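Hi,

Here is the structure I promised to pass on. Have a look at it first, and then read my notes below.

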Amino acid sequence: MPRVDVDLKLDFKDVLLRPKRSSLKSRLEVDLQRTFTFRNSQQQYHGIPIIAANMDTTGTFEIAQALCKHTLFTAVHKHYSVEDWEAFADRCPECLEHVAVSSGSSQADFEKLCTILKVVPAIKYICLDVANGYSEHFVEFVKTVRGKFPNHTIMAGNVVTGEMVEELILSGADIIKVGIGPGSVCTTRIKTGVGYPQLSAIIECADSAHGLKGHIISDGGCSCPGDVAKAFGAGADFVMLGGMLAGHDQCAGDVIEKNGKKVKLFYGMSSDTAMKKYMGRVAEYRASEGRTVEVPYRGDVENTILDILGGLRSTCTYVGATKLKELSQRTTFIRVTQQSSNMFC
């Protein structure tokens with residue numbers, strides 16, 4: 001018989017952070033750097049834990065170079081060649097501390113991953129990315145990659161429930177990507193009816209991960225700096241962004257003039273656009289689970305980075321967190337029916 005979980009589940013739009021007394025005099029006093037030691041790889045991370053999503057428009061080498069200047073991270077998309085990686089490593093060796101090489105779970109993906117890590121041994125992070133992290137095949141694939149690369153830090157997902165977070169961590173993953181359907185160009189919830197409100201998913205998955213000394217990434221659903229702050233406040237160790245980083249000079253794709261305005265294309269990696277680009281067609285047995293949109297051209301990504309980091313520092317001052325590490329400890333969410341005034345929207 002079908003079962004209905006009647007417990008309330010919340011999204012970013014359903015809450016605001018409650019302000020609290022603060023001793024901070026300025027946003028300048030806020031430290032956004034985090035240091036983590038990962039459960040399985042035993043590697044140490046230090047930086048600002050915001051990640052550019054491994055979509056082929058945002059997970060680019062150019063984005064990685066721009067984000068690296070601020071110690072932000074990039075999950076580089078899986079469609080770069082081995083030669084592309086070699087050239088990037090020669091051009092920007094300092095960036096290799098802040099990038100992950102991405103892979104799907106096919107044999108061809110695995111072989112390419114092995115080749116890239118052999119050619120560029122300075123890469124420390126692997127991002128294993130599939131739409132459905134609940135498959136037994138994916139769990140076995142995580143075990144295989146852990147066996148092959150015992151000292152690399154493995155990101156794996158996507159899932160939205162605590163029990164699967166635990167299984168992936170115990171299978172060898174260090175950081176679990178959390179999110180099914182919240183992305184701005186994801187249509188999984190429309191096409192399949194499957195998903196989980198992102199704020200509740202973060203809270204529940206973080207609790208499971210942290211109990212095993214693992215970590216999570218909130219992947220999807222952020223549309224403004226306030227959402228990034230809410231994700232960290234809910235317990236996310238890292239926050240992954242796609243749409244918020246789209247449309248910039250460092251993103252892949254040409255600037256298009258349309259009706260007197262400049263735009264760039266942004267699309268989900270399960271969209272018609274992506275599947276036709278990399279596989280030639282949409283297979284008959286599956287449906288597209290992503291949309292293609294025209295994003296206003298936004299120039300250099302530097303301004304967007306500063307806006308996100310400025311918003312996050314401001315959040316910390318409102319709740320009295322001197323460090324990003326303290327934000328979740330200082331967070332109380334208030335349920336709301338309206339985020340902001342739309343008088344001039």
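Gly-183 touches Gly-220 and Gly-221, leaving aside residues up to four places away in sequence; contact here means heavy atoms within 4.5 Å. You'll find Gly-183 in the loop between strand S9 (175-178) and helix H6 (188-192). Helices (H or I, at least four residues) and strands (E, at least two) are DSSP runs, numbered from the N terminus. Gly-183 counts as partly exposed because its relative accessibility is 25%; buried means under 20% relative accessible area, exposed over 50%, and partly exposed in between (1.4 Å probe, protein chains only). From Gly-183 to Leu-32 it is 24 Å in space, C-alpha to C-alpha, and 151 residues in sequence.

Before going further, a word on the source: this is a predicted model, where local features need pLDDT of at least 70 and side-chain atom pairs count only at pLDDT 80 or more, while totals for chains, interfaces and linings use all residues. Residues are numbered from 1 along each chain as its sequence is written, and side-chain values use heavy atoms, with hydrogens and water left out.

Now to Lys-264, which sits in strand S13 (residues 261-267). Which side chain of opposite charge is nearest to Lys-264? That is Asp-249, 5.8 Å away, and Lys-264 is buried yet has no salt bridge. For charges, Lys and Arg count as positive and Asp and Glu as negative, with His and the chain ends not counted; a salt bridge needs a side-chain nitrogen of Lys or Arg within 4 Å of a carboxyl oxygen of Asp or Glu. A polar atom of the Lys-264 side chain does lie 2.8 Å from the backbone oxygen of Cys-251. Leaving aside residues up to four places away in sequence, Lys-264 touches, among others, Asp-249, Cys-251, Glu-294 and Tyr-297.

Ile-334 is in strand S15 (residues 333-335). Its C-alpha atom is 6.1 Å from that of Leu-17, although the two are 317 residues apart along the chain. With the same sequence neighbours left out, up to four places away, Ile-334 touches Asp-14, Val-15, Leu-16, Leu-17 and Arg-18. At 36% relative accessibility, Ile-334 counts as partly exposed.

As for the whole protein, it has 10 helices and 15 strands, and 52% of its 345 residues count as buried. Among contacts between residues at least 6 apart in sequence, 68% join residues at least 24 apart. The C-alpha atoms fill a box of roughly 55 × 55 × 50 Å, taken along the principal axes.

Cheers

Definitions and conventions:
Polar contact = N/O pair within 3.5 Å; in protein donor to acceptor, adjacent residues only side chain to side chain.
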